[in-house]
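Biologist: I should like to have one part of this model examined closely, in terms that a first-year student can follow. Please begin with any enclosed space and then work outwards to its surroundings.

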Amino acid sequence: MDLDLDLAALRPLGGFFVLRTDAVPRPTPSTLAEAYENPGPEVYENSMTFRVQKVADALRAPELRIAASVAQQGLAARLWSVSLGCAALHGRIPDLDPRLLHWDAGAPDDLWLTELRPLPGDAATLAAVVLDGHLEPLATALRDRYRVATGLLRGNAASALAGAARQLLGWAHANGRTDVAARTRALTAELLARPALAGRLDPATLRRRSCCLYYRVPGGGVCGDCCFTRPPRSSPRAASG
């Protein structure tokens, strides 16, 4: 099987599942490895700093840590979608080494992989590629720069994984792919049992046990899997821990 074709086959699942493997545009966007380097205060100094500020401006976020949370969850959703989609449909995933993966922080649906190296599509490999390779260094950078709680970021990661799984399951049911649905459920359950994600979602409902802070943006409300049923009047410390 051709990994290029496998990745192209994910396009019908939606934009979050798209991973480009064509020529990286000029000027070349930074790699995600560069984005995870400790972001500095200057907006154009680091692509993650730029992305957080862009989200803050778009949402009129009263605090940068809210924008950092939203930006992190969006990128987590992209990474989980590509890796889980490939694993469930094709039984393998591309190596998403942050040094090979370029990210246009101005258009976050655009990820370019500059070298295709297939890896097994088991849960341990997905955890190593996405959790260890991306989400943990990203969390470290955001904690250091924006003081975002570890529990909040891990809740975001778990929520993004569950969202990718729901999208895959919907596609599988609509297309009669019971095999894809079964692999999606099994992989998701194994991943949610990993130490970094365990306990972050209610096992029966997949509702979060922490809040991403989106309710604090003007007109934000609460997300569908939020630990709150309505926006709280204040921000309890436990909600973001």
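Biologist: Which residues line the largest cavity?

Modeller: The structure is a predicted model, in which local features need pLDDT of at least 70 and side-chain atom pairs pLDDT 80 or more, while totals for chains, interfaces and linings use all residues. Residues are numbered from 1 along each chain as its sequence is written, and side-chain values use heavy atoms, without hydrogens or water.

The lining of the largest cavity consists of Gln72, Leu131, Leu135, Glu136, Ala139, Leu153, Arg154, Ala157, Ala196 and Leu197. On a 1 Å grid over the protein atoms alone, a cavity is a set of points where a 1.4 Å probe fits but cannot get out, a pocket is an open set with protein on both sides within 12 Å along at least five of seven lines, and lining residues have an atom within 4 Å of a point. A search of the whole structure finds one cavity of 30 Å³ or more, and the largest cavity has a volume of about 50 Å³ (the space filled by probe spheres set on the points, which are joined across faces, edges and corners). Its lining comprises seven nonpolar residues, one polar and two charged (nonpolar: Ala, Val, Leu, Ile, Met, Phe, Trp, Tyr, Cys and Pro; charged: Asp, Glu, Lys and Arg; polar: the others, Gly among them).

Two helices each give at least two residues to this lining: H5 (123-146) and H6 (helices being DSSP runs of H or I, at least four residues, numbered from the N terminus). H5 provides the largest share, four residues.

These two helices also pack against each other. The angle between H5 and H6 is about 145 degrees, with their axes 10 Å apart (axes are lines fitted to C-alpha atoms over the stretch in contact; angles run from 0 to 180 degrees between N-to-C directions). Leu135, Glu136, Ala139, Leu142 and Arg143 of H5 meet Thr150, Leu153, Arg154 and Ala157 of H6 (contact meaning heavy atoms within 4.5 Å). Five of these residues are nonpolar, one is polar and three are charged. Leu135, Glu136, Ala139, Leu153, Arg154 and Ala157 belong to this contact and to the cavity lining.

H6 packs with H4 as well, at an angle of about 40 degrees and with axes 8 Å apart. Among the contact residues are Gln72, Gln73, Ala76, Ala77 and Trp80 of H4 and Leu153, Ala157, Ala160, Ala164 and Ala165 of H6. This contact has 15 nonpolar and seven polar residues, but no charged ones. Gln72, Leu153 and Ala157 take part in it and also line the cavity.

H4 leads on to an open space. The largest pocket, with a volume of about 410 Å³, is lined by 20 residues, and Phe16, Gln73, Gly74, Leu75 and Ala77 lie nearest its centre. Helices H3 (47-59), H4 (64-90) and H6 (150-174) each give at least two residues to this lining, and H4 gives the largest share, eight residues. The lining divides into 10 nonpolar, five polar and five charged residues.

H6 leads to another. The second largest pocket holds about 180 Å³ of space, and among its lining residues are Ala162, Ala165, Arg166 and Leu169. H6 and helix H7 (178-192) each supply at least two residues, with H7 giving the most, five residues. Six lining residues of the second largest pocket are nonpolar, two are polar and two are charged. Ala165 lines this pocket and also belongs to the contact between H4 and H6.
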